[in-house]
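Hi everyone, thanks for making time for this. I'd like to walk you through a structure I've been looking at, so have a look at the screen.

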Amino acid sequence: MGNIRPKVLGSEGLQRFQLLRSDAVKAVTDQFYSTHGALYERFGQKGREACGEDLAFHLEFLRPALEFGLLQPMVDYLRWLASVLAAREIPTEHLAQSLDWMAEYFATHMEDSEGAAVASTLQEVRAQFVAAGGTRQPPMPAPAAWPEATDFEAALLAGRQRDALDLVNRCLDQGRNLLDIELHVIEPALYRIGEKWQSNQVSVAQEHMATAIVESVMTVALLRAPLPVPINKKILLACVEGNNHAVGLRMVADAFLLAGWDVQYLGANVPTPALVDQASDWAPDLVGLSVSFPQQLRVVKAVIAELGGRLGAARPAVIVGGLAINRFNQLVEVIGADASSADARGAVDSASDLIGERSGR
């Protein structure tokens with residue numbers, strides 16, 4: 001079952017699928033409320049809106065399965081969603097049913113072969129999700145945590161920015177490398193906070209506050225780091241359009257700065273035209289792109305294609321990273337990237353190898 005690779009849709013089929021998405025979400029939402037009545041009505045209008053949002057995300061994760069033929073991202077998403085709903089005492093047994101109804105909708109609203117392809121993909125996702133038996137999606141492994149990570153996490157959740165900064169400063173005073181501090185104190189703390197949000201132990205406000213404090217602390221800590229010897233190499237870093245998770249990319253930017261690279265960091269959710277324009281104007285040796293969710297893979301693929309179309313043989317090498325790439329590394333070649341990396345230190349090592357290979361051509 002896990003070895004089945006669904007039939008992918010061509011560009012026209014994907015466009016027809018996109019055009020039907022909103023109607024599919026409305027139709028299946030209405031079906032839930034007409035079938036289950038009071039079970040859903042008790043959540044009120046916000047419940048109906050939340051139901052529609054969840055179904056829309058189903059289709060966000062279905063899109064890369066139809067385009068790239070990879071089912072696992074959607075299966076993992078459903079396992080994650082099931083744990084989130086269960087932690088909030090919201091019914092989870094209807095997730096499989098939602099896939100059945102989605103399959104019926106597309107089978108009857110698309111051309112025969114295309115509708116059958118969408119329906120069979122949804123049915124296979126359903127089968128794998130059910131086979132998982134309600135087990136939680138295994139988390140991505142976090143870097144080994146230093147003892148300070150526990151106190152740093154507590155400071156973030158309590159909103160104690162001074163304490164968080166003081167802890168990082170003490171690590172620097174002990175002669176520890178900033179990149180090591182980010183990898184073994186800051187990153188593990190953020191992983192734990194993300195897991196606590198998933199299990200409803202941490203609020204959205206706390207999670208956002210933790211991210212804001214981390215960004216501030218990293219900025220101050222970078223100012224204390226000794227300036228490296230420039231190596232006359234340039235990298236442009238950006239989260240692709242739709243990706244608002246930028247802390248990891250900030251760590252990558254710090255790693256390249258500390259390695260002597262000239263860095264331009266564009267931050268979160270960078271529109272594709274602006275990103276391509278900046279790469280064209282600045283002419284970096286390397287472009288680093290961050291992608292958090294599988295549905296953003298098509299954006300990365302489009303960015304790389306547009307860089308090639310604009311710059312031709314002068315296109316800089318492209319390295320990709322982020323949660324989606326870390327979990328589904330086999331897609332790196334499919335989207336046209338030259339390399340990938342799971343963390344900031346690995347990105348610098350991969351970049352050096354990649355630039356060396358390209359200069360040797």
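I'll go through some helix packing, then a pocket, and then a few single residues.

One thing up front: what you see is a predicted model.

Okay, helices. Two packed helices are described by the angle between their axes and the distance between the axes. Let's try that on helix α9, which covers residues 178-198, and α10. Their axes come within 10 Å, and the crossing angle is roughly 175°. Angles over 145 degrees count as roughly antiparallel, so α9 and α10 are roughly antiparallel to each other.

Who touches whom here? On the α9 side we have Leu178, Glu182, Ile186, Leu190, Ile193, Gly194 and Trp197, and they meet Val204, Glu207, Ala210, Val214, Met218, Ala221 and Leu222 in α10. Sort the residues of that contact by class and you get eleven nonpolar, one polar and two charged.

Now keep your eye on α10, residues 204-224, and bring in α11. How do their axes cross? At roughly 5°, with the axes coming within 11 Å. Anything under 35 degrees counts as roughly parallel, and therefore α10 and α11 are roughly parallel to each other.

From α10, the residues in this contact are Thr211, Val214, Glu215, Met218, Thr219 and Leu222. Their partners in α11 are Val247, Arg250, Met251, Asp254, Leu257 and Leu258. By class, that contact has seven nonpolar, two polar and three charged residues.

Let's move on to a pocket. The second largest pocket holds about 200 Å³ of space. Which residues sit closest to its centre? Those are Leu227, Pro228, Leu257, Gly260 and Trp261, out of 14 that line the pocket. The elements giving two or more residues to the lining are α11, at 247-258, and β2, at 262-265. As for chemistry, the lining has ten nonpolar, two polar and two charged residues. You may remember Leu257: we met this residue a moment ago in the contact between α11 and α10.

Now for some single residues. Take Asn232, in the loop between α10 and β1. Its phi is near 60°, a positive value in a residue other than glycine. Is Asn232 buried or exposed? Its relative accessible area is 70%, and over 50% counts as exposed, so Asn232 is exposed.

Asn269 also has a positive phi, near 50°. You'll find Asn269 in the loop between β2 and α12. With a relative accessible area of 33%, Asn269 is partly exposed.

In that loop between β2 and α12 there's Ala268 too. Ala268 has 34% relative accessibility and counts as partly exposed. What does Ala268 touch, leaving aside its neighbours within four places in sequence? The answer is Cys239, Asn243, Asn244 and Ala246. Ala268 and Asn243 are 25 residues apart in sequence, yet 6.1 Å apart in space, going C-alpha to C-alpha.

Last one: Asn169, in helix α8, which covers residues 161-173. The relative accessible area of Asn169 is 19%. The cut-off for buried is under 20%, so Asn169 is buried. C-alpha to C-alpha, Asn169 and Val220 are 9.2 Å apart, while 51 residues separate them in sequence.

So, what to take home? In this model α10 runs roughly antiparallel to α9 and roughly parallel to α11. That's it from me, thanks for listening.

Methods
Residues numbered from 1 in each chain as written. Predicted model: local features only at pLDDT ≥ 70, side-chain atom pairs only at ≥ 80, totals over all residues. Heavy atoms only, no water. 1 Å grid on protein atoms, 1.4 Å probe; cavity = no way out; pocket = protein on both sides within 12 Å on 5 of 7 lines; lining within 4 Å. Points joined across faces, edges and corners; volume = space filled by probe spheres on them. Helix = DSSP H or I, 4+ residues; strand = E, 2+ residues; numbered from the N terminus. Nonpolar A, V, L, I, M, F, W, Y, C, P; charged D, E, K, R; others polar. Axes fitted to C-alpha atoms, helices over the stretch in contact; angles between N-to-C directions. Parallel < 35°, antiparallel > 145°, perpendicular 65-115°, else oblique. Contact = heavy atoms within 4.5 Å. Buried < 20%, exposed > 50% of the residue type's maximum accessible area, 1.4 Å probe, protein only.
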